[in-house]
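Me: I am new to this one. Please take a close look at a single spot in the interior, and then show me what surrounds it.

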Amino acid sequence: MKIAEVELRRVRLPLKAPFRTSFGSQSERDILLIQVTSDDGTRGWGECVALSAPLYSSEYVDGAHRVTRDFLLPRLWMLPDVTAYGLEAALTPISGHRMAKAGLEMAVLDAELRTRGTSLGEHLGAVKARVPSGVSVGIAESIPALLDVVAGHLDEGYSRIKLKIEPGWDIEPVSAVRERFGDILLQVDANAAYTMADATLLAKLDAFDLLLLEQPLPEEDIRGHAALATQLQTPICLDESITSARAAADAIAIGACKVVNIKSGRVGGLLEARRVHDVCAAHGVPVWCGGMLETGIGRAANMALAALPNFLLPGDTSASDRFWRRDLVTQPFVLRDGHVDVPTGPGLGVEMDEAWLDEVTVSKECHAAESL
Ligand code: NPG
């Protein structure tokens, strides 16, 4: 496949309600979308998950946009025959910038698989037609407000609840949710908001029979997580710390985690995400699919990934209407019986709602192979 053109598009989509985590509150999403067009006219879409500010990780959307334009695209143009694997290798000399790489790789993989008539799920090795869907609940104004939000999601049929926590918003909300809703699948996510000095406090979470405690300590503190794990019964799951299959292997080897959250953007793409899955499977470590407030494009990729065999826990694979009034794809993801279907069409298996996409587009730039 040859790529004739790449379009970098920025869209702004308001969230239905602000989403608060320990690293800040999001009320809209400023998203970099990548569209590649091959020389035979096949198109592929990718979504870059970088946030507006470098708060979750060091990447941010303006930076990812610039890196894509100035450093990733020139390497794409140099490839005589473009495949997602070839692109991944060609981008390896660029250090970091995993979310930017993942966005471009997704677009190339979408186009490549559309050309071959293969779905992403089939390509990655999916074994399920639908995936159990959990929902991530942001930090609320008050405990009663939190209980109302959780009740709403349980009524909608979500299979498990993840509560965002931070110092000052941890034991009390978790205890209130457990008490009110009984035996639901429940887990918490700290987004690196604690230190080892909080070990005694975090051990109090053991009383609530949580599926896991996600990323309590800073991204780089793998050894700290291993030390903390010896003081808790609740299994530790890593998110931010797992930036590659190698990082996953290291974290598992020193006992820093018993569960891994996989996000393709965080690890540099879907191909590396599958390797993380495989490394974890080889060590008997279950994984689940994280979410980064994606539109239907990134969500389609998440559903395909979450259908792999070692995704043994429900993911943050919620339906389109969890965050969006109107998704960017013509067939939004819906929750049925606590599950979301894995797309079966070629590539990502979703089509864009072009009219809506144009309405929410803030800027668009086209890069053609010849012009470089
Ligand atoms: O369902 O898309 C979703 C959101 C799930 O809580 C969620 N994501 O830390 O995992 C996280 C968090 C997040 C959101 C991280 C946005 C980064 C950006």
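Reply: Start with Cys-237. Cys-237 is buried, and its relative accessible area is 0%. Keep in mind that this is a predicted model.

Does a cysteine like this have a bonded partner, or none? Searching the whole structure turns up zero disulfides. Cys-237 fits that result: it is in no disulfide. The nearest cysteine sulfur belongs to Cys-257, and it sits 7.2 Å away. A disulfide would need the two sulfurs within 2.5 Å.

Now take Cys-289. This residue is buried as well, with a relative accessible area of 1%. Its closest cysteine sulfur is in Cys-237, 12 Å off, which is too far for a bond.

Next, step back to the chain. It is divided into two domains. Domain 1 covers 3-117 + 354-371, and domain 2 covers 122-341. Taken over C-alpha atoms, their centres are 24 Å apart. The two domains do touch: 34 residues of domain 1 are in contact with 42 residues of domain 2.

Look at the nonpolar interior now. The largest nonpolar core has 126 residues. Leu-163 and Leu-205 have the most contacts inside it. Helix 3, residues 98-116, gives this core its largest share, nine residues. Both domain 1 and domain 2 give residues to the core, so it lies between them.

What does Leu-163 touch, leaving aside residues up to four places away in sequence? Its contacts include Val-137, Leu-146 and Val-150. Among them are also Pro-173, Val-174, Val-177, Leu-186 and Val-188. Gln-187 and Asp-189 are on the list too.

Cys-237 belongs elsewhere. A second, separate core has five residues, and Cys-237 is one of them. Val-259, Trp-288 and Leu-313 are also included in this second core.

Last, the ligand. There are 19 residues around it. Those that come nearest are Ser-136, Lys-164, Asn-191, Lys-263 and Leu-293. Leu-293 places a backbone N or O atom 2.8 Å from an oxygen atom of the ligand. Met-292 also has a polar backbone atom facing a ligand oxygen atom at a distance of 3.4 Å. Lys-162 uses its side chain instead: a polar atom there lies 3.4 Å from an oxygen atom of the ligand.

Back to the starting point. Cys-237 is buried, has no disulfide, and is part of the second core.

Note on methods: Residues are numbered from 1 along each chain as its sequence is written. This is a predicted model: local features need pLDDT of at least 70, side-chain atom pairs count only at pLDDT 80 or more; totals for chains, interfaces and linings use all residues. Side-chain values use heavy atoms; hydrogens and water are left out. A nonpolar core is a set of buried Ala, Val, Leu, Ile, Met, Phe, Trp, Tyr and Cys residues joined through side-chain atoms within 4.5 Å. Buried means under 20% relative accessible area, exposed over 50%, partly exposed in between (1.4 Å probe, protein chains only). Helices (H or I, at least four residues) and strands (E, at least two) are DSSP runs, numbered from the N terminus. Domain bounds come from an automatic or database domain assignment. Contact means heavy atoms within 4.5 Å. A residue is near a molecule or strand if one of its heavy atoms lies within 4 Å of it. A polar contact is a pair of N or O atoms within 3.5 Å; within protein, one must be able to donate a hydrogen and the other to accept it, and residues adjacent in sequence count only if both atoms are side-chain atoms.
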